[in-house]
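Hi everyone, thanks for coming. I'd like to walk you through a model, starting from one small detail and working outwards.

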Amino acid sequence: MKKQDPDLLLFHAPLLRQGMTTPKAMRDVIYALLPATAAALWFFGLSAALLLISCIAGAVLAEWMFANRAERGQSLRDATGVLTGLLLGLTLPPGLPLWMGFLGGVVAISLGKIIWGGLGHNLFNPALLGRAFLLATFPIAMTTWVPATGEGGFFSVYDGSLTLPFMQSSFDAMSSATPLGMMKFQQEVTPLMNLMFGRTGGSLGETSGLLLILGGIYLYLRRDLDWRIPVSILLTVIIFSAVLILFDANRFPTPQFSIFSGGLLLGAIFMATDPVTSPVTPKGAWIFGIGVGLLVMLIRVFGGLPEGVMYAILLMNAATPLINRYTQPRVFGRGGDSK
Amino acid sequence: MKAFHKLRRSFEHGVHPAHHKEQTEDLPIQRVPFGKDYLMPLGQHIGVPAQAIVEAGEKVRRGQLIAKPGGFVSTGLHSPVTGTIREIGDFRGVDGRFAPAISIEADPFATQKVDADSALDWESMSLEEFIEAVQMAGIVGMGGAAFPAHVKLSVPDGIKIRHLLINGAECEPYLTTDHRLMLERPEALLEGAEIMRQKLGAEETVIGVEMNKPDAIETLRKHIKPGAPVRIVPLKVKYPQGAEKMMIKSVFNVEVPAGQLPRDVGVNVNNVGTIVAIADYFLRGMPLIERVVTVAGPGVTYPANLIVPLGTPVRDVVKFCGGLKPGSREIIMGGPMMGRPIASLDVPILKGCSGVLVFTEEETARLKEYPCISCGRCLEACPYFLNPSRLARLSKARMYDEMKDYHVFDCVECGCCTFACPSHIPIVQLIRTGKDDLTHRKEPDA
């Protein structure tokens, strides 16, 4: 009798788990980005595909290079490297030389994530950190916007894309402007329909607002994103610009223009909601979102740059530990706030 | 807001594990045959262990008192079988530690009829006498915590119990003992409830049942006598609906303040099984010597709801259910969310054991643990609104004292956080480690 007893394990309850895992959540974000990625390919053609691939290759290579040898395969399988590369790629101008994209991917992972201790420990959003690095290092290339694929069709490649490493290309041949740039420097408004469907200049992933919202809804339904963050960012931007319009309707952008222009939707839905770098508490999420919204509008309207989503999110990332500390939830059976 | 709450009938947060109740919810309760070996640990409940009043070699009858309460927070213990006391000594308990217990060998030829088979005159008892009777009957909370029932009955001066709340939520997956008791013994439940209500001087009895047991709600409603102050409240199906503070929130929309007890808001909460045990003792003279246990889980050949004499080895119970299927790897006593794993099949069924669940390789596979990505799912799961991710991080860093700042002792270890964590971090286990260190740590001598 005794000999037939199985060797019993002593894992402590709860034994049951819900089905979601961290790699699954990461893959969900990639799926949610697919429509916007497809749109980027549609508008910007082969260059877009090559640039995204270079960014992802850079990110994954860095992940592989710096990972602990024993966990090497594992850290690639959790899909965060691919996600970071893809997100970075979507924030870049379509005509950016490929080698810059690759370098951005390497920097995003190594300085944005690994150096902090890997997944879950970084203070700043890795993709945005990579973009900030590129913007500081290659300011001209990063602010040279090309129009959607013109004469050549899908298979035409922008001249700049294939620039050799460490070389700058000549940009003046085919430059265009983003809606925000036109707004800021020429007081020229892009029609809303173009903004929503993506027929504008801009970064790869930011031009098609509707597809980004679609991805956001998918993430919300999968419970992968804290809805408070995009909602509070967008509400803040809407209210802020609505107030500005009361002062001078000609000088300031309309709320709908503010929402659909630039990288706001991409940032609000996919960057600011990165769980690692945003507050964990519900109240903190509201504060974080409102902070991002305010900073975006301040930079766009009063700052020297046409776009401010990246800096707004990075600044609020820095504030996240502080926000977490001061927004601990009220504990059951304890009136008022506990901390 | 009030009307809105009435519609929801629930508390905030919590999780939705799959019920897994289909294995046993339609199976009538059956009695396991008496075996040979019985082991009655003296500390089967929270508080002071009982004191043995029998000696080795002594003959005992089923239902005879074999140990008396060792203090106020302690209860009597009765022999579950007619037989001979084999030994009084230290035996390995459910938690793996050695603890004093009485080993009894059943008499194979005895009828196993209960010794005292008569009703008690509870109506003429004073409250003190009633409390003492409950204590001597060995009745403890049957939902799992095994808190002596009479302690809850002794209410300090100045507190008025207005509601008797009977907990029929049974929110733990797999378990169906309370469900079957409500279906099969509604009269006993309502009689026991009436005894408790009158003795407490409460205005009404409220029975909270999760909505996934419509047949139980129906049956109970049919048996309520017209005009009786009893009300059934169907509750939203959500874990941990059966945690007493959560149920009070669901039913009365009142938060029991942290560090206080249900009685401080005028409520006395008891499990369905406890109330039935009260009825069995005061109306039939039967002390707590057996209980209903659900035997289920993917590793059990024939799942069942069983009446098991206390002290029966898990081995006998599992054997009665057709034995373990190949690939069984873990046995949990209690529910899968809060129960305790047992290391050996020789562990006895205790008063607080509502289930014996057998799990296989699949459920016990070690899941790869990822770093915390601060997704906040545990915060949205925690019914006490704690910050489990922070507590787990502090515990990993062995910063146990800092855990107190995050109200670690408000945690009831319901396991919602671990259930919800997509990174498979054993959050509640880490919190337990911290609590254990804080409670048992010996300060170095100065």
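**From one bridge to the whole chain**

Let's begin with a pair of residues: K59(B) has T84(B), in strand 7 of chain B, as its bridge partner. Before I go on, please keep in mind that this is a predicted model.

That bridge belongs to a strand pairing. Strand 4 of chain B runs antiparallel to strand 7, residues 83-92, and 2 bridges link them. Zooming out a little, these two strands sit in an open sheet of 4 strands in chain B, ordered 2-8-7-4, with antiparallel pairing. Which strands stand at the edges? They are strand 2 (37-41) and strand 4 (59-60) of chain B; each has a single partner strand, so one side of each has no neighbour in the sheet. As a reminder, strands of a sheet pair through backbone hydrogen bonds, either parallel or antiparallel.

Now for chain B as a whole. Its secondary structure comes to 15 helices and 17 strands. The radius of gyration of chain B is 22 Å, close to the 22 Å from the globule rule for 446 residues, so chain B is as compact as a globular protein of that length. If you are thinking about a box, the C-alpha atoms of chain B fill roughly 65 × 55 × 50 Å along the principal axes. Of its 446 residues, 53% count as buried. Contacts in chain B are worth a look too: among those between residues at least 6 apart in sequence, 72% join residues at least 24 apart.

Next, the domains. Chain B is divided into domain 1, made of 2-25 + 138-284, and domain 2, which covers 377-440. Their centres, taken over C-alpha atoms, are 27 Å apart. Where they touch, 10 residues of domain 1 of chain B are in contact with 11 residues of domain 2 of chain B. On the domain 1 side of that contact, 8 residues are nonpolar, 2 are polar and none is charged.

Finally, the neighbouring chain. How many residues does each chain bring to the contact? Chain B brings 48 residues and chain A brings 35. On the chain B side, the elements giving two or more residues are strand 15 (328-333), strand 16 (340-342), helix 10 (361-364) and helix 14 (416-420). Strand 15 of chain B gives the most, with 5 residues. By residue type, the side of chain B that touches chain A has 30 nonpolar, 12 polar and 6 charged residues.

That's my tour, and I'm happy to take questions.

Notes: Residues numbered from 1 in each chain as written. Chains lettered and ligands numbered in written order. Predicted model: local features only at pLDDT ≥ 70, side-chain atom pairs only at ≥ 80, totals over all residues. Domains from an automatic or database assignment. Contact = placed C-beta atoms within 7 Å. Nonpolar A, V, L, I, M, F, W, Y, C, P; charged D, E, K, R; others polar. Pairing = 2+ DSSP bridges. Rg over C-alpha atoms; globule rule 2.2 N^0.38 Å. Buried ≥ 20, exposed ≤ 12 C-beta atoms within 10 Å, placed from the backbone.
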